[in-house]
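Trainee: I should like to take a close look at a single part of this protein. May we begin with one of its sheets?

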Amino acid sequence: MSNRRDFFRAGAAFLGAAAVSRVGAAVLPEAVSQSSAATLPPGPPPTGRPFNPIVTLNGWSLPWRMKDGVKEFHLVAEPVVREIAPGMKANLWGYNGSSPGPTIEAVEGDRIRIFVTNRLPEVTSVHWHGVLLPSGMDGVTGLTQPPIGVGKTFMYEFVLQSPGTHMYHPHADEMVQMAMGMMGLLIIHPKDPRQYKVDRDFGFILSAYDIEPGSLTPRVNTMLDFNLWTWNSRAFPGIDPLVARTGDRVRIRIGNLTMTNHPIHMHGPHFEVTGTDGGWVPKRARWPEVTTDVAVGQMRAIEFNALAGDWAIHCHKSHHTMNAMGHNVPTMIGVDHRDVAKKIAGLVPDYMVMGERGMHEMAKMEMPLPDNTLPMMTGTGPFGPIGMGGMFSAVKVRDDAKPGDFKDPGPYKHPPGTLASEYTAQLPEPARVAALKSDRNTLQVRKPTGHEGH
Ligand SMILES: [Cu+2]
């Protein structure tokens with residue numbers, strides 16, 4: 001674990017927040033900062049009640065200090081630069097150097113105090129989504145508190161009443177602030193660490209951005225037509241694999257702060273939905289699933305017993321496993337447009353059209369792209385291009401994964417006789433394929449394109 005401590009930033013926050021002496025600085029816990037997009041699994045808790053920490057995918061957990069029996073955290077709301085995937089960075093807003101902000105982990109029964117310093121150019125607040133707390137700590141600007149002014153620090157304090165999976169996000173100019181990436185996980189662990197215990201516990205938040213190819217800052221008033229679908233503000237192949245050992249009990253906690261639902265589908269083992277942001281589901285009420293829809297503003301915890309292999313996990317809306325530039329491309333399947341494409345390419349050097357045989361070819365192409373964007377489909381596996389982007393990763397389960405090791409183990413070695421392969425023996429051409437070929441030139445249908453009027 002290598003949390004880089006940005007003392008300069010912390011110092012600046014102290015000065016701005018309190019504008020005081022050394023005595024004043026000691027009032028606030030250190031505001032630890034982390035701008036790397038690496039997955040940084042936390043170690044066992046150094047102080048306070050014991051718990052089994054979660055692994056924030058491409059993220060980290062916020063350190064705390066104990067003061068007179070209270071667990072104190074310091075969040076700094078501020079502009080950050082986030083690498084969405086190698087080759088693309090975005091100007092986002094987040095907390096303590098990253099978007100999403102660091103995961104806050106505490107234990108049922110803990111009294112927590114969270115200092116929130118506002119380094120944004122406008123007011124903010126923090127709402128603790130799904131946490132049982134006094135109304136005045138709920139973080140709704142205007143309704144339960146005045147806004148946190150620019151350069152000001154607020155203090156939230158409450159006792160954690162029940163274990164669960166939660167989020168934090170602003171309730172101030174929230175369309176803008178969430179479109180800019182302000183969010184984080186808040187995990188309340190059970191008082192008894194044996195309760196709800198699993199071997200691997202992962203968490204991430206679904207978020208979406210609309211960043212014009214070649215630019216850096218999201219358009220904040222987009223309602224539905226986002227072009228980057230992310231987990232913890234990362235798009236595949238920037239999303240780390242979820243690594244486990246064969247037989248491990250694995251939990252994945254997923255929160256949705258986008259503007260649409262995401263049916264999250266996992267290949268391989270069946271899972272159960274074991275928790276929501278309202279708490280844990282009683283064992284008798286769980287049912288087997290392979291896809292769970294995570295609606296807007298919801299959280300789902302799923303659990304399964306890990307089976308060896310490389311198992312895709314992704315949003316099942318196919319546009320959500322694509323990156324930027326996937327929109328408004330006319331369907332050209334079956335249309336021979338090679339001559340036209342050549343002519344246009346002479347006029348517009350970066351011109352690109354869908355292939356007449358579909359779009360898989362694009363996954364292999366090294367196409368010229370504007371600066372700072374991602375190809376629609378990318379990522380390479382042991383068998384070639386994966387042809388996926390956006391909300392896609394893999395659960396990688398190995399017999400020899402060591403406890404606490406989350407490093408990418410590389411491609412799975414399939415046991416003999418368990419791998420799909422090409423059939424190479426002599427094969428006469430089926431009669432109906434020949435018939436289809438002779439029909440081909442008689443079809444001249446051109447479908448109308450575009451549905452912008454809807
Ligand atoms: Cu989706």
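How many bridges join β5 to strand β10, and do these strands run parallel or antiparallel?

Mentor: Please keep in mind that this is a predicted model. Four bridges join β5 to β10, the latter comprising residues 184-189, and the two strands run parallel. Within this pair, E105 stands opposite I187 of β10. In general, the strands of a sheet pair through backbone hydrogen bonds, in either a parallel or an antiparallel manner.

The pair belongs to an open sheet of four strands, arranged in the order β5-β10-β9-β7 with mixed pairing. Its edges are formed by β5 (104-107) and β7 (127-129), each of which pairs on one side only. From one strand to its neighbour in this sheet, the average turn is 25°, direction ignored.

A second open sheet may be described in the same manner. It has five strands in the order β13-β24-β21-β15-β19, again with mixed pairing. Here β13 (242-245) and β19 (291-294) stand at the edges; each has a single partner strand, so one side of each is left without a neighbour in the sheet. The twist averages 20° from one strand to the next. The edge strand β13 is joined by four bridges to β24 (residues 392-398), and these two strands run parallel. In this pairing, V243 stands opposite K396 of β24.

Let us turn next to the metal site. Three residues coordinate the copper ion at 2.0 Å: H262 through ND1, C315 through SG and H320 through ND1. Along the sequence, these donor residues follow the spacing H-x52-C-x4-H. Why are two of them classed as buried? The class covers residues under 20% relative accessible area. C315 is buried because its relative accessibility is 1%, and H320 is buried because its value is 6%.

Another residue to locate is M388, which lies in strand β23 (residues 384-388). M388 counts as partly exposed, because its relative accessibility is 23%. The C-alpha atom of M388 is separated by 9.8 Å from that of H319, although the two residues are 69 apart along the chain.

Finally, consider the surface. A nonpolar patch is formed there by M175, M223, L224 and M259, which together have about 440 Å² of accessible area. One of these residues, M175, is found in helix α3 (residues 174-179). M175 is partly exposed, since its relative accessible area is 43%.

Conventions:
Residues numbered from 1 in each chain as written. Predicted model: local features only at pLDDT ≥ 70, side-chain atom pairs only at ≥ 80, totals over all residues. Heavy atoms only, no water. Donors = N, O, S within 2.8 Å, 3.2 Å for Na, K, Ca; no water. Buried < 20%, exposed > 50% of the residue type's maximum accessible area, 1.4 Å probe, protein only. Patch = residues over 30% accessible without salt bridge, like charges linked within 9 Å, V, L, I, M, F, W, Y side chains within 5 Å. Areas by Shrake-Rupley, 256 points an atom, 1.4 Å probe, with all protein chains shown as cover. Salt bridge = Lys/Arg side-chain N within 4 Å of Asp/Glu carboxyl O. Pairing = 2+ DSSP bridges. Axes fitted to C-alpha atoms, helices over the stretch in contact; angles between N-to-C directions.
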